[in-house]
Amino acid sequence: MDIVKVPFGKFNGQAVTKYVLTNDNGVQAGILDFAGLLQSFKVPTKDGGKADMVLTSENLDEFTGNGFCTNRLIGRVAGRIGDGEFKIDGKEYHVEQNEGKNTLHGGKNGFYNHVWHVDGTKVTDDAVSLTLSLTLTPEMDTFPGKMHVVATYTLDNNDNLSLKFSATTDADTLFNPTNHTYWNLSNAAVKTIDNLKLYVNSKNHLAVDDGKIPTGEKVANAGTPFDFSTPTKLADALKPMAATKENGFDDIWEVEPSLDKPVATLEDPESDRKMTLYSDRNGLVMYTMNSDDPTVYNHGKVQPHTGIAMEAQTLSDTPHHPEFGNVDLHPGEEKTYTVKWHVEY
């Protein structure tokens, strides 16, 4: 087990550092203190090299200079809040509307737009971890309450990478974070997710309006392109989506929360690489990187479906749909959430 520090450029004049966590099997996770960003997740290959399981760059500007929130931590609230307003215990709050009339990913100054404090690292015989923290005030992101959030990445010798969030606040607020990593396990010279197979432990997805805000209706996956109850080649699922305005998925699946039973798997039949996702929350937002616009993605060749984001969170827009879950955070309490990825190679 090992952890090393590597300089990784600057963000708004602040030095950024990459922490490379390595287990005894040679699996490596590179994590930036900027945005808690999972910059790389490398596994050994059969020819003695290493392959990255996520979309990556060695240039910080290629992460900060696109609109995809590539591989960053997201919060206070992942996904969208309709009309940028919500109530907690009957009191109404209004926050920044940064996507039309809606709030997306915690606004323009959410988790993803800060250099986090490094609280410490830890190395044991079986695991290595990095703990980051961030304090946000209403003046910074327009959400109520001074929130202190801690994010701990842990890589163990069973080839699991886990991410644990915890948060406290001095006033009522919302807490529904996620990790916005884009995955692609392919060996192909020109990477797309077309030949990858996806499984999702889900029976329903959420109906949404034109602004991608849930209507409250749950739609059965069976018989639709949203059905991944058996491992399905993504090219087959994406083909009927080509006729939609998104040219792919940007949608919300209701999943069975579990840190023991897979919520989803993504595998590459050619390389035999596989990622299994576990989450203790009931939502999985998946976005298949549908744009070919170089202004929103500039990591080399630009084309649709270069990666797939698999964002574990509580179902979106819960303040307007209490049946989806409760993401309220009150003074005197601490909320924790965990996501875990297991890799095979």
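The paragraphs below lead from the overall form of the chain to its strands, its aromatic rings and one buried residue.

The structure is a predicted model, and its protein chain is built from 3 helices and 28 strands. The radius of gyration of the protein chain is 19 Å, close to the 20 Å that the globule rule gives for 345 residues, so the chain is as compact as a globular protein of that length. Taken along the principal axes, the box filled by the C-alpha atoms of the protein chain is roughly 60 × 50 × 40 Å. Of the 345 residues, 57% count as buried, while the protein chain exposes about 13,700 Å², of which carbon and sulfur atoms supply 46%. Among the contacts between residues at least 6 apart in sequence, 64% join residues that are at least 24 apart.

The strands can be followed from the N terminus, where strand 1 (residues 2-11) pairs with strand 2 (residues 14-22) in the antiparallel sense over 8 bridges. Within this pairing, Pro7 has Thr17 of strand 2 as its bridge partner. The hairpin that these two strands form has 2 residues between the strands, and Asn12 takes a positive phi near 50 degrees there.

Further along the chain, an open sheet of 6 strands runs in the order 17-26-25-22-19-20, with antiparallel pairing. Strand 17 and strand 20 (214-220) stand at the edges, each with a single partner strand, and therefore one side of each is left without a neighbour in the sheet. For strand 20, the pairing with strand 19 (residues 202-208) is antiparallel and extends over 4 bridges, with Val208 standing opposite Pro214 of strand 20. Strands of a sheet pair in general through backbone hydrogen bonds, in either a parallel or an antiparallel manner.

Strand 17 also leads to the aromatic side chains, of which the structure holds 15 pairs. In one of these pairs, the rings of Phe41 and Trp183 have their centres 6.1 Å apart and their planes at 65 degrees, so the arrangement is edge-to-face. Because Phe41 lies in strand 4 (residues 38-44) and Trp183 in strand 17 (residues 182-183), the pair ties together parts that are 142 residues apart in sequence. Both Phe41 and Trp183 are buried. Elsewhere, ring pairs link Phe226, Phe228, Phe249 and Trp253 into a cluster.

Aromatic rings in this model are also found beneath charged side chains, as two examples show. Arg281 lies over the face of Tyr337, at 4.2 Å from the ring centre, and the charged end of Lys340 sits over the ring of Tyr278, 4.6 Å from its centre.

A single residue, Ala167, completes the picture, and it belongs to strand 14 (residues 160-169). Because its relative accessibility is 1%, Ala167 counts as buried, the limit for that term being under 20%. Leaving aside its neighbours within four places in sequence, Ala167 is in contact with Met147, His148 and Val149, with Phe175, and also with Leu329, Glu333, Glu334 and Lys335. As for Thr135, its C-alpha atom lies 9.5 Å in space from that of Ala167, the two residues being 32 apart in sequence.

Definitions and conventions
Residues are numbered from 1 along each chain as its sequence is written. This is a predicted model: local features need pLDDT of at least 70, side-chain atom pairs count only at pLDDT 80 or more; totals for chains, interfaces and linings use all residues. Side-chain values use heavy atoms; hydrogens and water are left out. Rings of Phe, Tyr and Trp (its six-membered ring) pair if their centres lie within 6.5 Å; planes under 30 degrees apart count as stacked, over 60 as edge-to-face and the rest as tilted. Buried means under 20% relative accessible area, exposed over 50%, partly exposed in between (1.4 Å probe, protein chains only). A charge sits over a ring if NZ of Lys or CZ of Arg is within 6 Å of the ring centre and within 35 degrees of the ring normal. The radius of gyration is taken over C-alpha atoms; the globule rule is 2.2 Å times the number of residues to the power 0.38. Contact means heavy atoms within 4.5 Å. Accessible areas come from the Shrake-Rupley method with a 1.4 Å probe; for residues, only the protein chains shown count as cover. Two strands pair if DSSP finds at least two bridges between them.
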